[in-house]
Amino acid sequence: MRTPVENPIILAIESSCDETAVALLQAPGTVLGQALASQVGIHERFGGVVPEVASRAHLEQLDPLLTQALGKAGRTLADVDAVAVTSGPGLLGAVLVGLSYAKALAWGLGVPLIGVHHLEAHVAAALLHRPDVSYPFLALVVSGGHTSLYRVDAGLVFTELGRTIDDAAGEALDKGAKMMGLPYPGGPHIERLARDGRATAVDFPRAWLGRSLDFSFSGLKTALRVHLEKTGATPDNLEDNLPDIAASYQEAVVDVLATKALWAAEREGLQTLVVAGGVAANGRLGAVLAARGAREGVDVVVPPPALCTDNAVMVAVAGARMLAAGRTASLTLDADARAPITTATP
Ligand code: KG4
Ligand code: ZN
């Protein structure tokens with residue numbers, strides 16, 4: 001093993017779902033180079049991610065992406081001080097591809113391996129964007145697979161305050177988009193269409209679940225199906241109504257996310273809200289949270305869109321913090337498709 005250096009260079013790999021990404025970061029927060037390959041075009045044909053197809057695509061992409069990232073950074077593998085990789089949660093086969101690749105690199109280079117939790121990485125992305133954020137803060141993590149609220153204490157230690165009891169927000173957007181005949185992943189398509197629509201056009205339901213901090217989006221999906229059936233929507237006549245439906249559907253998701261996040265801030269007495277994960281790239285969610293947050297004295301931190309959706313920079317940022325805290329892994333580290341987030345030891 002090399003002796004620790006002051007501002008180590010972290011090589012990070014992300015392959016837990018449908019983006020293959022490699023990044024080089026100088027700790028704590030200087031991005032030296034990154035490369036990313038989206039599999040969206042591949043999965044579009046199937047209307048969603050097919051795990052086996054994703055794993056193969058990751059395997060094919062990693063080598064060229066590593067070369068690209070190093071090239072952009074003007075560095076070689078000899079400059080790398082540690083290798084960070086997403087070790088879960090995610091699609092098991094996809095995570096395994098990146099993890100095996102990272103282990104081989106760490107072993108070959110004689111540098112530490114760091115196993116990063118995918119959701120912790122999403123939250124860490126916000127800290128690159130706003131390093132001044134102080135603990136404890138509230139995190140709303142909204143992605144294709146997760147929708148949760150956490151209280152985050154120093155050292156990225158999470159306490160879950162609420163979670164979805166059925167679909168994740170991204171999943172609700174993607175499935176809703178599919179019903180509207182939009183391509184996968186639907187979130188960005190809904191956002192684009194919604195810009196020309198009226199958010200009050202269709203009164204879609206909001207599942208408040210009392211004043212619980214848990215979420216539920218399955219009823220909303222059903223309401224969309226019923227609305228489409230009731231209005232006799234066909235691909236021919238749907239097009240004109242689509243912006244209104246998209247805007248109203250998006251608004252129902254955004255309203256619930258924003259309202260519950262601000263309930264949580266009030267209940268926990270927290271003044272900072274970090275929004276992370278792919279759905280955080282949604283401009284309407286950011287705007288609604290910023291406006292309501294300003295009224296209630298809550299500082300809302302949303303990373304730029306490219307740092308919200310899956311990328312390797314976020315893995316590097318989390319990895320740099322874990323390395324500084326001595327949280328490295330052994331080469332026997334296993335992929336964990338359902339890895340729990342780092343919580344305080346009782
Ligand atoms: O975090 P992410 O890239 O991958 C997972 O870890 O799941 O999140 C992907 C999700 C998808 O559901 C996608 O539709 C959604 O994020 N998403 C968006 C936007 N960009 C990505 N949803 C709404 N508006 C967007 N602009
Ligand atoms: Zn993600």
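Begin by selecting Leu257 in this predicted model: leaving aside residues up to four places away in sequence, Leu257 touches Leu140, Val142, Thr147, Ala169, Phe215, Phe217, Val279 and Leu285. Keep Leu257 on display and add Leu140, since these two residues touch the most other members of the largest nonpolar core, a set of 48 residues.

To see where that core comes from, colour the elements that each supply at least two of its residues, namely strand E6 (137-142), helices H5 (169-179), H6 (186-194), H7 (218-230) and H8 (235-268), strand E9 (272-276) and helix H9 (283-296). Of these, H8 gives the most to the core, with 16 residues. Next, select Ile10, Val123, Phe158 and Ala316, which are among the 39 residues of another core that lies apart from the one just shown.

Now turn to ligand 1 and select the 19 residues around it, of which His122, Gly144, Asp174, Glu191 and Gly278 come nearest. By class, this shell divides into five nonpolar, eleven polar and three charged residues.

Which contacts are worth drawing as distances from ligand 1? A nitrogen atom of the ligand is 2.7 Å from an N or O atom in the side chain of Glu191, while an oxygen atom of the ligand lies 3.0 Å from a polar backbone atom of Gly278. For Asp310, draw the distance from a backbone N or O atom to an oxygen atom of ligand 1, which is 3.0 Å.

If you then switch to a surface view, ligand 1 taken alone exposes 560 Å², of which the protein buries 89%. Finish by highlighting helix H4 (118-129), H5 and H6, the elements that give two or more residues to the shell around ligand 1.

Conventions: Residues are numbered from 1 along each chain as its sequence is written. Chains are lettered from A and ligands numbered from 1 in the order in which they are written. This is a predicted model: local features need pLDDT of at least 70, side-chain atom pairs count only at pLDDT 80 or more; totals for chains, interfaces and linings use all residues. Side-chain values use heavy atoms; hydrogens and water are left out. A nonpolar core is a set of buried Ala, Val, Leu, Ile, Met, Phe, Trp, Tyr and Cys residues joined through side-chain atoms within 4.5 Å. Buried means under 20% relative accessible area, exposed over 50%, partly exposed in between (1.4 Å probe, protein chains only). Helices (H or I, at least four residues) and strands (E, at least two) are DSSP runs, numbered from the N terminus. Contact means heavy atoms within 4.5 Å. A residue is near a molecule or strand if one of its heavy atoms lies within 4 Å of it. A polar contact is a pair of N or O atoms within 3.5 Å; within protein, one must be able to donate a hydrogen and the other to accept it, and residues adjacent in sequence count only if both atoms are side-chain atoms. Accessible areas come from the Shrake-Rupley method with a 1.4 Å probe; for residues, only the protein chains shown count as cover. Ala, Val, Leu, Ile, Met, Phe, Trp, Tyr, Cys and Pro count as nonpolar, Asp, Glu, Lys and Arg as charged, and the others, Gly among them, as polar.
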